[in-house]
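Open the model in your viewer and keep the selection panel at hand. The stops below say what to select and what is there.

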Amino acid sequence: MASNFANILLFIAIISSFVSNFFFFNKKTEASIRSFRISGLFVILSFFLLIYFFYTSNFSIAAVYENSHSLKPTMYKVAGAWGNHEGSLLLFVMIVSLYGIAFSFLNKKNNFNLTKWTIFFQNNIVLIFLIYLVTTSNPFDMIVPHPREGLGLNPILQDPLLVIHPPFLYLGYVGFSLTLSLVLASLIIKSLNSEWAQLTWPWVLSSWVFLTIGIGLGSIWAYYELGWGGYWFWDPVENSSLMPWLASTALLHTMLSLKVKNLMKSWTALLAILTFSFSLLGTFLVRSGVLNSVHAFANDPERGIFILTIIFIITFVSFVIFVFYKPNDISNNQIALFSKESFLLFNNYFLLFFLTVIVIGTIYPIILSIFNETISVGPSFYNTILAPFIFIFLILMGIGPMMKWSKNILLSQKKIIFYTIAGSLILSAAIIFLANKKNLILFLGLLSSIYLMISILIENIKNREFFKLYYLPKNLAHFGFALLIFSIFLNSHFSLSKNFEIKDKETIKFNDISIKLNNRQLKQESNFYEMIANFEVKKSNFIFNLNPSVRKFFQPNQITSETSIVSRMFSDHYIVVNFQDRKSDVLGVRYYFNYFIYGIWLGLLLIILGGLFSAIKKRA
Amino acid sequence: MNKNVKKRIIFFLISVITFLIIGQYIFKSLRKNTVYFFTPSELFILSEIPRGTIRIGGMVKKNSLNKKNNTYQFIITDFKQEVKVEYVGVLPNLFVEGQGAVIEGKLIDRLSLKAENILAKHDEKYMPKEVADALKNKGSWQKKYGK
């Protein structure tokens, strides 16, 4: 019953989508847009119906049975709706529709021709994914006879951050579908120009902000929940969210040139295609089961091949449209070398280089696995390759924004650059000597990030423009990025970790830290038993308690460790415990002293704020 | 015209050289940072023992886990060959005798490994993908391990 009703909703959505295409080809534009909205409405309805099924634990639906349990807290029942392959795909389609609908309402007045074509492309993306949904991964498949109880959701995923992490990530990934549609539409009606860039800016930027938030939330979750003491592991799943982020960051900077100088049209179009292709590739890598991770839901090769086909079709069609309707560009040879345009181009080269490195590191093991060779690429691959280029990138980020459009003006800025370099040399050398860490990589990392921070401050104090709305987004985002890199270098060179075993009342000492296990308590919650350990940690004169725990879930039967973290001004004390071996009373302890983690979160926050301000500020 | 062509050729040459240098750089460090995965049987038939860090995977043999001083010792098996593992550190929650595990470390000799890291990112429903694939290839797969 429930399943049939939901399937009818999906069916109406598909039909409306077809009807929208039909009207479009018969030049009935208004009707075509209206059908698109109707299709979207039914997708939204079916998504809320799925949430309702999860909320009421309707185990006659296969997706609910496989991913939920009646004892689970309500919040996680609801989140279970997108915590599985089928549901997350429905969320995906719904967001494509939502972006299209929002655009069709908000962009009524200007450029109707553009709206018409944009909605046409958006509609076909919806259609492709709806067909994929109902043929290979229908979230409303039935189970007969009805099971009485569900299998439960992986406890690692039962975390408040993970309730909101996937929707944000998807709002980002999927938002780039609208960017692609807008680019394809403007190619066809030959309106890829600065006016288009003005109009598109808030849409591209809002997707970018959502994606940044999504990546940030995932990183925070990994830090608190996974219990490995870190915030980024160069895991293929993390990398696949970074790929569209890098491509879209390049796109945003190119769009600046398009917006102001009507330059780099082809480049903008290519980056938009690239961005959405990488969003899809990310979805494929994460969902198809080619990677081994908590995100991999579908282990069905048929689905993987289907997604690959979709990626191929969308990318191929986009390229064909690009080749046939190639915009006319002014040749790059005419751009002055020390002008703003050319620095934006350098920015693109660097971002695309970072992207290439990450793509190679992520894809190479997958390609080898086809030939039955299993390898993995360690974090040092990324760290060693990216670090030297990050240094140069940061320095250029300090210089680029000082440049003027279309003019060589390096000479007049020489003095400021010299003072900034001198200032940052002194500061970073001071940090190196005070901390007694003579490490070249650390020095260069600090030097380049401090350089960028100082140069943003000096530049703005000199021109009294830091809080002028026009410069605020760039200042916030660039300063945030510098702070992020600064904190990452401090964190990786000043953090400590120690693994040891401990018994009740025992004390472990190392460096200036001593850790004592006071006692352990047992507790029962609605869906797990919990053993909470009480540690007393002493560092210099500072004493505090940490209470990490081990949880044993009933359904699914699984053990997880909960971290306990105490933050001081510049550092975190972080403890995770394990049942060392089940025969003895020894606890296994991993202790991390994490330096400057807050700088990383603050840097991310500034980047996000910068994006937000730019998306909402009144366009000049 | 002539000047423009010249400019283009120079630009093209510079791009090609940059690409080659950067490509070389990427693949060199890719090769340096690649960690290979072996099953015990594969280790047994290798002509040369790998020196660097490797990963091995298989099942933790039942009743093989014991502790001497601070060192854990256990056996990883693919039901054809066995590798002895030594490990100093904290065993993860999901490390259980009779279940799958992936161990990262350096070989002491052909069939014994000094572990640096035990990877247990998987849940109890399934075993590490590398292990499952390897067991399937070796024909040691049993229904009870899952799909």
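**A hairpin in chain A**

Select A:Ser564 first: A:Ile575 of strand 10 of chain A stands opposite. Strands here are DSSP runs of E with at least two residues, helices are runs of H or I with at least four, and both are numbered from the N terminus. This is a predicted model, in which local features need pLDDT of at least 70 and side-chain atom pairs count only at pLDDT 80 or more, while totals for chains, interfaces and linings use all residues. Residues are numbered from 1 along each chain as its sequence is written, and chains are lettered from A and ligands numbered from 1 in the order in which they are written.

Extend the selection to residues 564-567 and 571-579 of chain A, which are strand 9 and strand 10. The two run antiparallel and are joined by 4 bridges; pairing requires that DSSP find at least two. They form a hairpin, with 3 residues between them.

**Helix 9 of chain A**

Next, select residues 236-261 of chain A, helix 9. At 1.5 Å a residue, its 26 residues should span 38 Å (1.5 Å times one less than the number of residues), and the end C-alpha atoms are 38 Å apart, which agrees. Of these 26 residues, 21 are buried, so the helix is largely enclosed by the rest of the structure. Buried means that 20 or more other C-beta atoms, placed from the backbone, lie within 10 Å of the residue's own. A:Asn262 follows helix 9 of chain A and has a positive phi, near 60°.

**The nonpolar cores**

Which residues have the most contacts inside the largest nonpolar core? They are A:Phe92, A:Val93, A:Ile95, A:Val96, A:Leu246 and A:Ala247, in a core of 109 residues. Such a core is a set of buried Ala, Val, Leu, Ile, Met, Phe, Trp, Tyr and Cys residues joined through C-beta atoms within 7 Å. Helix 7 of chain A (residues 160-188) gives the most to this core, with 14 residues. A second, separate core has 39 residues, including B:Val83 and B:Phe95.

**Confidence in chain B**

Finally, colour chain B by pLDDT, the predictor's confidence in each residue, from 0 to 100. The mean for chain B is 80. Confidence is highest in strand 5 of chain B (residues 82-88), at a mean of 92, and lowest in helix 3 of chain B (residues 129-138), at 64. Over residues 143-147 of chain B, pLDDT stays under 50. Where pLDDT is low, the predicted coordinates should not be read in detail.

Notes:
Contact = placed C-beta atoms within 7 Å. Buried ≥ 20, exposed ≤ 12 C-beta atoms within 10 Å, placed from the backbone.
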